[in-house]
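This briefing covers the overall build of one protein, one of its helices and a few backbone angles. Keep the structure open while reading.

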Amino acid sequence: RRVREAFALAIDKEGIERVVMRGAATPTGSMIAPGINGFQEDLNEPYPYDPERATALLEEAGWGDGFPVTFDCPNDRYVNDEAICTAMVPMLERIGVDVTLNAQTKSLHFNKIREHDTSFYMLGWTPGSYDAYNVFQNIITLDGEAQGAWNSGRYTHPEVEELADRIATEVDEETRDELIHEAFRIHKEDVGHIPLHQQALAWGVRTDTVAEIIQRPFNDIDLRYVVMN
């Protein structure tokens, strides 16, 4: 846990948002976006940037001299994905971690991490169901049938596993939301994953020919809502 927290504190998320993403991202502390059912505003504060504390945590964990790790990253899937990963390398090296960046095309990247053949990797996720349970089922849990398909870091926590099972079957909305909050709270305190940011949708539009266009959250164009000059 101390090593995971050290990584989280070593990454300057606001610096990535400002320099690499040029403002087109929102640093986050949540595993789901505000539009997803089960989003918890009070858990959305990102882990702070504190490399000094990160170095101390590695020392406490017995890794004061650092260690090598391969960072698996796509270079053609997310906005500025390879640039983000490249920016993170010196941040982690600053606390003593010797990072080898393995940036490759998305087909190779996802084939590799889908087989859980990775120690440290980039993954973006939007629940197809627009519900928090999708994230627990695919990314945060491991102990159960059809769970952990994309939990490539093989993270597991017994309380989170139990809560996820209850979330899957709970029908009372208020009770279910409380279960989701507790599960996310435990996961965040345990630094199960390191949320980075929510990337923004960016479109280019010709103003001389296009009079109006509605940007849909699905990031596609519905020609019924396009007005031409």
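Helices, such as the one that R22 follows, are DSSP runs of H or I with at least four residues, numbered from the N terminus. The model is predicted. The protein has eight helices and six strands. Their order from the N terminus is α-α-β-α-β-α-β-α-α-α-α-β-β-β. The radius of gyration is 19 Å, close to the 17 Å that the globule rule gives for 229 residues, so the protein is as compact as a globular protein of that length.

**Overall build**

- Along the principal axes, the C-alpha atoms occupy a box of roughly 65 × 45 × 35 Å.
- Buried residues make up 42% of the 229 in the protein.
- Among contacts with a separation of 6 or more, 66% join residues 24 or more positions apart.

**Surface and charge**

- About 12500 Å² of the protein is exposed, and carbon and sulfur atoms supply 48% of that area.
- The protein carries 20 positive and 40 negative charges.
- The mean positions of these two sets of charges lie 5 Å apart.

**Helix 2**

- Helix 2 spans residues 13-20, and its buried residues are K13, G15, I16 and V20.
- Viewed down the helix axis, these buried residues fall within an arc of 155°, so they line one face of helix 2.
- E14 and R18 are exposed on the other side of helix 2.
- The cover over the buried residues of helix 2 includes two helices, helix 1 (2-10) and helix 4 (81-93).
- Strand 1 (25-27) and strand 4 (197-199) are also part of that cover.

**Positive phi angles**

- Most residues other than glycine have a negative phi.
- R22 comes just after helix 2 and has a positive phi of about 50°.
- N80 is not a glycine, yet its phi is positive, at about 60°.
- The loop between strand 2 (68-74) and helix 4 holds N80.
- N80 has a relative accessible area of 29%, so it counts as partly exposed.
- V191, also a residue other than glycine, has a positive phi near 50°.
- The loop that contains V191 runs between helix 8 (173-189) and strand 4.
- Is V191 buried or exposed? V191 is buried, because its relative accessible area is 1% and buried means under 20%.

Note on methods: Residues are numbered from 1 along each chain as its sequence is written. This is a predicted model: local features need pLDDT of at least 70, side-chain atom pairs count only at pLDDT 80 or more; totals for chains, interfaces and linings use all residues. Side-chain values use heavy atoms; hydrogens and water are left out. The radius of gyration is taken over C-alpha atoms; the globule rule is 2.2 Å times the number of residues to the power 0.38. Buried means under 20% relative accessible area, exposed over 50%, partly exposed in between (1.4 Å probe, protein chains only). Contact means heavy atoms within 4.5 Å. Accessible areas come from the Shrake-Rupley method with a 1.4 Å probe; for residues, only the protein chains shown count as cover. Lys and Arg count as positive and Asp and Glu as negative; His and the chain ends are not counted. The place of a charge is taken as NZ of Lys, CZ of Arg, CG of Asp or CD of Glu. The arc is that of the directions from the helix axis to the C-beta atoms.
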